Amino acid sequence: MNVSSYGTRVRMLEYWAKFAPSLESMMLDKTAGQMHLDEQEEIFSLLPSLRNKRVLELGAGIGRYTGLLASEAYRVTAVDFMEEYINVNEQNNKRASNITYIAADVLDLQMPNKKFGAIFSNWLLMYLTDQECVTLLQKILLWLEDGGWLFFRESCFHSSGNMSRQTNPTFYRTPADYASLLEAAWVSSNDSILEPAETGYGFDMVSVGSLRSYIKHKNNSYQIYFLAKKVDKPMDSKDSFQQFLDKKQYSRNGVRRYEWIFGKTFLSTGGFTTTKNFGVDVLGVDLSVNMMTVATEYLSEKKHLDNRVKFVICDITKSIYEDNSFDTIYSRDTLLHISNKEELFKNFQRWLKPGGKILFTDYTRSEKEFSPNFKQYITDRGYNLLTTQQYKELLEKSGFVNIRAEDATDEFLSALHAEISRLRAEKEEFLKVRTANEIYCNTLDAIATRY
């Protein structure tokens, strides 16, 4: 452990030594009782199956989750750097015979490679510096089996508990910050120092969202969970489509620029004037980590919608849903990114309930030949453009009926002209805010690249 990390750990030991090991101190809240039960149930429901898996629990504390994890997992290794807390944990879960208890700092912890099918932590990374987080995440990649799961939950933006604290050494990051830290974590698949490999392991973010139990009890949308999976990952994975989206078109800078033009939370022409909310329950999916973390932050501002909206990071072309799952499938200017549209439409047909509908808008092409400039543009963007008629034929081939394909060019041109006029009128303010956002976002990118 380096000098900087040592100083951080000393401060954390001094901080937690002031709290006796109890449910209230673990949650730093005087009203922890019922909230704890609701939180337990919710978090456990978010985990992948732990059956027959070895689970490593980091920052286990007095065992709020240790016994619950042990009730399904093959074996649980519970770790906490406060010996007094881990002793209480062992006492609380003494009836479980499949738990090993370790008093150790996670940064000093040594575990065999590929030992665990899942690693779980609840309020841990927020007590580590950025460098410590990446160091630990890289160790976790080594400890996880291929395809193993990482689940962690953190307080974002600000504190949530009502316990009195004279000092608070917590790092309150944004969801996007944690996404950057996950992205920065990478380990080589080759153990040899003399022969470094370009292949290795990293994380794919699977799901991120606000804990509803905290919205219910504390009106707090900033308790954020993350579920990630260990995957094969080249040293330079910029060629993957997800990396293309996050690094280029939908980088943090790119998202903010789109919003300035089209309106907050909108990335395409027309903004709210072309979008209506019908009060339905929504499962929102996207491949871009940046998009999902920004979406989660915005959802946290709309507490009345949290029980109706869930976000998942996934590749929709590889997703699996049960037949008859949805009443409606809606897509806004997204399908141009997907080449195999026929297979996707056939999946949509299966996923929809009888009588269900699909509604989507997309950028299409005319029958004319592309100009050299436009051909280069769609190549750079990776777009796959079809004509309106081709879309209609694909939908018919996939089993859809009563298809209405409309050319909305005039409507969207009108919206574009209005947006351009507004942008011109606010050009100086746009440039000022854009510069500030780029400085902030480039700083986050530098942190991820450095570590």
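The points below comment on a predicted model of a protein chain.

1. Overall make-up. The secondary structure of the chain amounts to 16 helices and twelve strands, and 48% of its 451 residues count as buried. Among contacts in the chain with a separation of 6 or more, 72% are accounted for by residues 24 or more positions apart. The accessible surface comes to about 23900 Å², and carbon and sulfur atoms hold 51% of that area.

2. Helix 3. This helix covers residues 32–46, and because an expected rise of 1.5 Å a residue gives its 15 residues a span of 21 Å, the 20 Å computed between its end C-alpha atoms agrees with that expectation. The buried residues of helix 3 are Ala32, Met35, His36, Asp38, Glu39, Gln40, Glu42, Ile43 and Leu46, a list that a colleague looking at the charged side chains may wish to note, since Asp38, Glu39 and Glu42 are included in it.

3. Cysteines. Zero disulfides are found when the whole structure is searched. Cys133 has 0% relative accessibility and therefore counts as buried, and Cys156, at 0% relative accessibility, likewise counts as buried.

4. A nonpolar patch at the surface. Phe278, Val280 and Val282 make a nonpolar surface patch of about 310 Å². Of these residues, Val280 lies in the loop that runs between helix 10 (252–262) and strand 9 (282–286), and its relative accessibility of 48% is why Val280 counts as partly exposed, given that a residue must be over 50% to count as exposed.

Key: Residues are numbered from 1 along each chain as its sequence is written. This is a predicted model: local features need pLDDT of at least 70, side-chain atom pairs count only at pLDDT 80 or more; totals for chains, interfaces and linings use all residues. Side-chain values use heavy atoms; hydrogens and water are left out. A disulfide is a pair of cysteine sulfur atoms within 2.5 Å. Buried means under 20% relative accessible area, exposed over 50%, partly exposed in between (1.4 Å probe, protein chains only). Helices (H or I, at least four residues) and strands (E, at least two) are DSSP runs, numbered from the N terminus. The expected span of a helix is 1.5 Å times one less than its number of residues. Patches are made of residues with over 30% relative accessible area and no salt bridge: like charges are joined within 9 Å, nonpolar side chains (Val, Leu, Ile, Met, Phe, Trp, Tyr) within 5 Å. Accessible areas come from the Shrake-Rupley method with a 1.4 Å probe; for residues, only the protein chains shown count as cover. A salt bridge is a side-chain nitrogen of Lys or Arg within 4 Å of a carboxyl oxygen of Asp or Glu. Contact means heavy atoms within 4.5 Å.
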